[in-house]
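Biologist: Could you take me through the aromatic rings in this one? I'd like a close look at how they sit together.

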Amino acid sequence: MRATPSATERPLNFSSPYLRAALVRDAVDYTVEGRTIVVNPGVKPVTIAEEPRKTIPPLSSTVLADTRIEQADALILLRSAGEGADVAGIVDQPGWSHLADTSDHGDFPRETPLYRSSQDDINTVLFDPSYVLGESETEGYLREFNVRANLWFSPAGTDCFIHNKHDFIEVHTQVHGLGRMQRFRNQDQASLYQDVLMSPGYTTPDPFCATGPQCTYHYPMHQYRADTDCIWLAIEYHPVPRALRTLPTTPPAARPSTLLETRS
């Protein structure tokens, strides 16, 4: 990973020897050195400088090696230890805690070994949630969202608790190991109806939620399952309270098609 003169780069606050994590902003002709998971956290499509020209779409990721990014408003770059490494020690790094020890999840079952890193602010974006979530074929009104990211860890064989409560839109990127995102009809393992297999570099392409009233979000019962020791990235899109900036879109024919726009 090498910053170009036009780019700014900083380590994310959950970067560690187990997983190097960086945020790159305002990149032009940016070089990705070595094998790296590259996440587009939600701006315009990011073009890879190879033929034929292909993009990393918004809210998605890929694995790149020794190539260039033509331009990007924001990128998250992740390099984990090799697949044979013992990554369980990441939970002893500063900022990590069992989910039951966090102030907002004190009722989480302690017998479930689910650990979360500290969270970092990525950027602020404007988008129409109904359009991004596939509920509308055209963009309506742009709403402002704060984008935040953190890591999770669970050892092999962990079912990370079936739940359906979030007040934000989220997507997940597999960083280390093999896991899956699962949907259920109710809070019973036997009610599983969708199993999304995840390997390093894969991001769930369609957020699980649907829009609700007053910028709320409805989730089905869902969970993450770790088939092996797993590290994964969560990217959360938190609506700004009281829609401090809500703007009508320009008609799609009048501008390039994008899912998201970065706040100016």
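**Aromatic rings up close**

Modeller: Sure, starting with the layout: the chain has 1 helix and 19 strands, taken as DSSP runs numbered from the N terminus (H or I, at least four residues, for helices; E, at least two, for strands). This is a predicted model, where local features need pLDDT of at least 70, side-chain atom pairs count only at pLDDT 80 or more, and totals for chains, interfaces and linings use all residues. Residues are numbered from 1 along each chain as its sequence is written, and side-chain values use heavy atoms, with hydrogens and water left out.

Now the rings. Searching the whole structure turns up 5 aromatic pairs; Phe, Tyr and Trp rings (for Trp, the six-membered one) pair if their centres lie within 6.5 Å, with planes under 30 degrees apart called stacked, over 60 edge-to-face and the rest tilted. One of them is F127 with Y237: centres 6.0 Å apart and planes at 80°, so it's edge-to-face. That pair links distant parts of the chain, since F127 is in strand β8 and Y237 in strand β17 (residues 230-239), 110 residues apart. F127 is buried at 2% relative accessibility and Y237 is buried at 1%, where buried means under 20% relative accessible area, exposed over 50% and partly exposed in between (1.4 Å probe, protein chains only). F145 joins F127 and Y237 in one aromatic cluster.

Then there's Y224 with W232: ring centres 3.6 Å apart, planes at 15°, so that pair is stacked. Y224 is buried at 4%, and W232 is buried at 3%.
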